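User: I'm new to reading protein structures. Could you help me see how the words people use are tied to the numbers?

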Amino acid sequence: MREQTAHRPRPSERRRRGALAAAAAVALAVVATGALAPPTAFAAPRPDAVRQGLEALVRDGQPAALATVQDRAGRSRTYTAGVGDLATGAKVPRDGQVRIGSNTKTFTAVVVLQLVGEGKVDLDADVDTYLPGLVRGDGIDGRHITVRQLLQHTSGLPEYGTHISDDEMAHRYFEPRDLVDIALRHKAEFAPGKKWSYSNTNYILAGLIAQKVTGRPLAEEIDRRIVRPLGLRHTYFPAPGDKTIREPRPRGYHRLTADEPLRDFTEIDPSAGGAAGQMVSTNSDVNRFFTALLDGELLPAAQLAQMRTTVPVGNTGAGYGLGLMSRPLTCGGVYWGHGGDIVGYETRGGATDDGRAVNIAVTSIPVEIAGTRRVEAVVDKALCR
């Protein structure tokens with residue numbers, strides 16, 4: 001049985017309870033003196049759907065769940081549930097750092113689209129324009145795949161991630177071209193532009209294009225173009241060999257099936273994620289990133305419009321643009337974000353055009369898609385309150 005931290009009332013809760021107790025004492029005093037007191041009704045506080053949702057995720061087997069919810073006025077509230085360390089029972093740090101997995105793709109896409117706006121990259125140029133001769137394989141030819149198709153997952157390139165084990169993920173260092181080589185051992189999934197299929201290989205190549213055009217590592221470009229201008233003080237792209245998470249964080253766990261015990265995967269070599277999934281951040285920083293992106297702080301209007309032009313993601317109701325996804329809300333409209341999985345952590349969330357934002361992190365990847373859907377349901381509740 002997992003340990004759970006006891007709920008301690010926040011200061012605001014203690015003040016509210018104190019006020020209720022004082023009111024009750026006054027009422028009793030009035031009755032004792034025989035005076036007639038007007039009837040007083042105290043409305044029960046409305047349950048907090050986000051807190052309830054996180055607690056349900058923990059009951060479903062997540063070691064910990066964290067959320068930051070931002071309202072239209074830019075005010076944020078943070079939540080935690082569960083325990084931050086199963087071995088010690090330590091508390092979950094508020095707004096702790098986590099590995100944000102494929103949210104990294106949106107950062108990579110922003111860099112590429114900034115280069116488009118600067119006239120240094122053409123979305124409809126072929127990959128060979130920037131990486132000549134690199135992309136060749138069974139049914140694969142970089143001369144027939146465009147940069148846009150990489151960013152929108154319509155290239156047909158095979159996925160490299162399914163060919164890397166958990167232990168390799170934890171201990172092995174991969175150069176980006178190592179990941180491309182793994183993918184190119186397998187045949188194309190379809191002809192470029194004919195379908196949509198998610199492949200991390202697309203974003204490894206997008207990162208290599210950004211590096212080739214700028215002459216600088218992608219990590220430096222993300223830091224220079226996005227992290228520092230937005231003041232994302234808790235967001236970074238880990239350097240080669242850096243297996244740690246720098247700031248207070250809940251520990252991350254992983255298992256392949258529900259019957260297996262959870263294994264601690266907090267400290268891993270995230271290079272297998274690369275431009276597709278290597279970054280570390282916090283829920284509040286991710287909210288800041290997506291709200292700034294939608295507000296036009298990172299891209300010219302033309303490039304932001306291209307980023308938001310989507311193709312359907314199956315029959316899910318979601319759409320995939322250029323590194324940015326739209327998902328429908330049960331209360332109407334959509335929110336924009338991405339989400340990410342990397343051994344130890346899953347994150348889901350996004351922002352609306354009117355400034356609402358939420359990001360939720362859990363400290364293991366659900367072994368079934370239904371578990372991920374439950375995380376996404378909490379995102380919906382937070383944005384539809």
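User: What is the volume of the largest pocket?

Analyst: In this predicted model, the largest pocket has a volume of about 1,300 Å³. Of its 43 lining residues, the closest to the centre are S102, Y198, G340, D341 and R348.

User: What makes a residue part of that lining?

Analyst: A lining residue has an atom within 4 Å of a point of the pocket. The 43 residues lining the largest pocket meet that rule. Among the elements that each supply at least two of them are α5 (166–171), β13 and β14 (345–351). The biggest share comes from α12, with six residues. By type, the lining divides into 19 nonpolar, 14 polar and ten charged residues.

User: Why is H338 called buried?

Analyst: Buried means under 20% relative accessible area. H338 has 3% relative accessibility, so H338 counts as buried. You can find H338 in the loop between β12 (334–337) and β13 (340–342).

User: How do you know that the side chains of H338 and Y320 make a polar contact?

Analyst: The cut-off for a polar contact is 3.5 Å between N or O atoms. The side chains of H338 and Y320 are joined at 2.7 Å, so the pair fits within that limit. Leaving aside neighbours within four places in sequence, H338 is also in contact with other residues, including S102, Y198, F290 and R327.

User: What makes β1 and β2 a pair of strands?

Analyst: Two strands pair if there are at least two bridges between them. β1 (residues 64–70) and β2 (residues 76–82) have seven bridges, in the antiparallel sense, so they pass the test. As an example, T68 stands opposite T78 in β2. The two strands form a hairpin with five residues between them, and G74 in the turn has a positive phi of about 90 degrees.

User: How do you know that β1 pairs with β15 too?

Analyst: The same rule applies: at least two bridges are needed. Six bridges join β1 to β15 (residues 357–362), so they pair as well, running antiparallel. Here the bridge partner of L66 is A361.

User: Why is β1 described as mostly covered?

Analyst: Seven of its seven residues are buried, and buried means under 20% relative accessible area, so the description fits. A64, L66, T68 and Q70 point one way, while A65, A67 and V69 point the other way, and all are buried.

How values were computed: Residues are numbered from 1 along each chain as its sequence is written. This is a predicted model: local features need pLDDT of at least 70, side-chain atom pairs count only at pLDDT 80 or more; totals for chains, interfaces and linings use all residues. Side-chain values use heavy atoms; hydrogens and water are left out. Helices (H or I, at least four residues) and strands (E, at least two) are DSSP runs, numbered from the N terminus. Buried means under 20% relative accessible area, exposed over 50%, partly exposed in between (1.4 Å probe, protein chains only). A polar contact is a pair of N or O atoms within 3.5 Å; within protein, one must be able to donate a hydrogen and the other to accept it, and residues adjacent in sequence count only if both atoms are side-chain atoms. Contact means heavy atoms within 4.5 Å. On a 1 Å grid over the protein atoms alone, a cavity is a set of points where a 1.4 Å probe fits but cannot get out, and a pocket is an open set with protein on both sides within 12 Å along at least five of seven lines; lining residues have an atom within 4 Å of a point. Grid points are joined across faces, edges and corners, and a volume is the space filled by probe spheres set on the points. Ala, Val, Leu, Ile, Met, Phe, Trp, Tyr, Cys and Pro count as nonpolar, Asp, Glu, Lys and Arg as charged, and the others, Gly among them, as polar.
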